[in-house]
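Biologist: Please choose one part of this model and look at it closely for a reader who is new to it. From there, I would be grateful for a connected account of how the rest is arranged.

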Amino acid sequence: MALIKCPECGHQVSDKAKTCPGCGIEIAGNIVGKKKKSHSVAITITIAFIISLVVALVGFYYINEKNQQNETIAFQRAITSEEPLIMQDYLLRYPHASRERRDSVEKVLARLQKIELDWQNAYASKSRSTLKAFIEQNPQNKHVREARLTIDSLDWVLACERNSVESYEAYLKEYSNQGEHSDEAVMKRDEVKALLEAEEKALQDSIAANSLLDVRK
C-alpha cells in the first residue's frame, strides 16, 4: 500500500482506498484512468515516432535515388560533351561518384586538355605543316575550321608576296575557287595578266619601231 495525493483535494490517501475521506472522490477509478491515459499517450508517441521514421526513410531513399539519377545524367553528358568545362563541373559536383566513372571523365578531360594545348601551339607557330598535322590528327575538333582558315590566310599571303599569275592560279587550284580570298585572287590574277600583256605589247611595239628605224636608215 502506498500513499498518494487525492487528484481533487490534494489530501494524502491510500492508493487502495475506493474514495477520498476528505472530498469523497473515487480514487481507484482515477488511478486506472491515469494509467490508461498514460498508456494511450505512450502508444500515440510510439506510433508517431514510427511514422516519422518511415517518412524519413522514404524521403532519404527518394533523395538518394534522385541524386543517383542526376549523377548518371551528368556523367553521360560529361563523357560525351567534348567540353572540358562540363567535365570539370561533373568532377566538382560529384566527388563521391564511382572511381570508375571519375577515372573515365578524368581520362577524357586529360586528352582534351592535351588537344587544346596542341592547338594553341599549332596556332602560335603559324606553320602550314603544323596546322595541317593538327587537322589530320583531330578531324572532329572544334578548332579545325579555324585551322583551315589560318592555312587559307597563310597561302593567300604567300600568293600575294609572289604576286604572279602562277601564284594566284595555284591558290585558286588549292581551294577549288572556294577559298576565303578566291574572288580577290581572280581579280589580282587578271590584273597581273593584263599588266604582263601590256608590257609584252609595249615591248613588241618598241621592237617594231626600232626595226622600222633601222630599215629607214
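**From one loop residue to the helices**

Modeller: Thr19 is placed in the loop between strand E2 (12-14) and H1; helices (H or I, at least four residues) and strands (E, at least two) are DSSP runs, numbered from the N terminus. The model is predicted, so local features need pLDDT of at least 70 and side-chain atom pairs count only at pLDDT 80 or more, while totals for chains, interfaces and linings use all residues. Residues are numbered from 1 along each chain as its sequence is written, and side-chain values use heavy atoms, with hydrogens and water left out.

Thr19 has a relative accessible area of 42% and is partly exposed; buried means under 20%, exposed over 50%, and partly exposed in between (1.4 Å probe, protein chains only). Cys6 is 13 residues away from Thr19 in sequence, and the C-alpha to C-alpha distance between the two is 9.1 Å.

Helix H1 (residues 28-81) contains Phe49, which counts as exposed at 57% relative accessibility. Phe49 joins Ile50, Leu53, Val54, Leu57 and Val58 in a nonpolar surface patch of about 580 Å². Patches are made of residues with over 30% relative accessible area and no salt bridge, like charges being joined within 9 Å and nonpolar side chains (Val, Leu, Ile, Met, Phe, Trp, Tyr) within 5 Å. The areas come from the Shrake-Rupley method with a 1.4 Å probe, and for residues only the protein chains shown count as cover.

H1 also supplies one partner of a salt bridge, in which the side chains of Glu71 and Arg101 meet (2.6 Å, N to O); the term requires a side-chain nitrogen of Lys or Arg within 4 Å of a carboxyl oxygen of Asp or Glu. Because Arg101 lies in helix H3 and Glu71 in helix H1, the pair ties together parts that are 30 residues apart in sequence. Glu71 is buried, with a relative accessible area of 13%, whereas Arg101 counts as partly exposed at 23%.

Helix H2 (residues 84-93) has Met87, Tyr90 and Leu91 as its buried residues. They cover an arc of only 95° around the axis, which puts them on the same side of H2; the arc is that of the directions from the helix axis to the C-beta atoms. Leu85, Leu92 and Arg93 are exposed on the other side of H2. The side chain of Arg93 also meets that of Asp89 in a salt bridge (3.4 Å, N to O). Arg93 and Asp89 are 4 residues apart in helix H2, so about one helical turn separates them.

The structure holds 11 salt bridges. Another of them is formed by Lys201 and Asp205 (3.2 Å, N to O). In addition, a network of salt bridges links Arg99, Arg102, Asp103 and Glu106.

The interior is the next topic. A nonpolar core is a set of buried Ala, Val, Leu, Ile, Met, Phe, Trp, Tyr and Cys residues joined through side-chain atoms within 4.5 Å. The largest such core has 18 residues, and those with the most contacts inside it are Leu131, Trp156 and Tyr171. At least two residues of this core come from each of helix H3 (99-125), helix H4 (128-137), helix H5 (144-162), helix H6 (165-174) and helix H7 (182-216). H5 provides the largest share, 5 residues. A second, separate core of 12 residues includes Tyr90, Ala97, Val108 and Leu112.

Leaving aside neighbours within four places in sequence, the residues in contact with Tyr171 include Asp152, Trp156, Ala159, His181 and Ala185; contact means heavy atoms within 4.5 Å.

In H4, the buried residues are Leu131, Phe134 and Ile135. They cover an arc of only 100° around the axis, which puts them on the same side of H4. Their cover includes H3 and H5. Ser129, Glu136 and Gln137 are exposed on the other side of H4.
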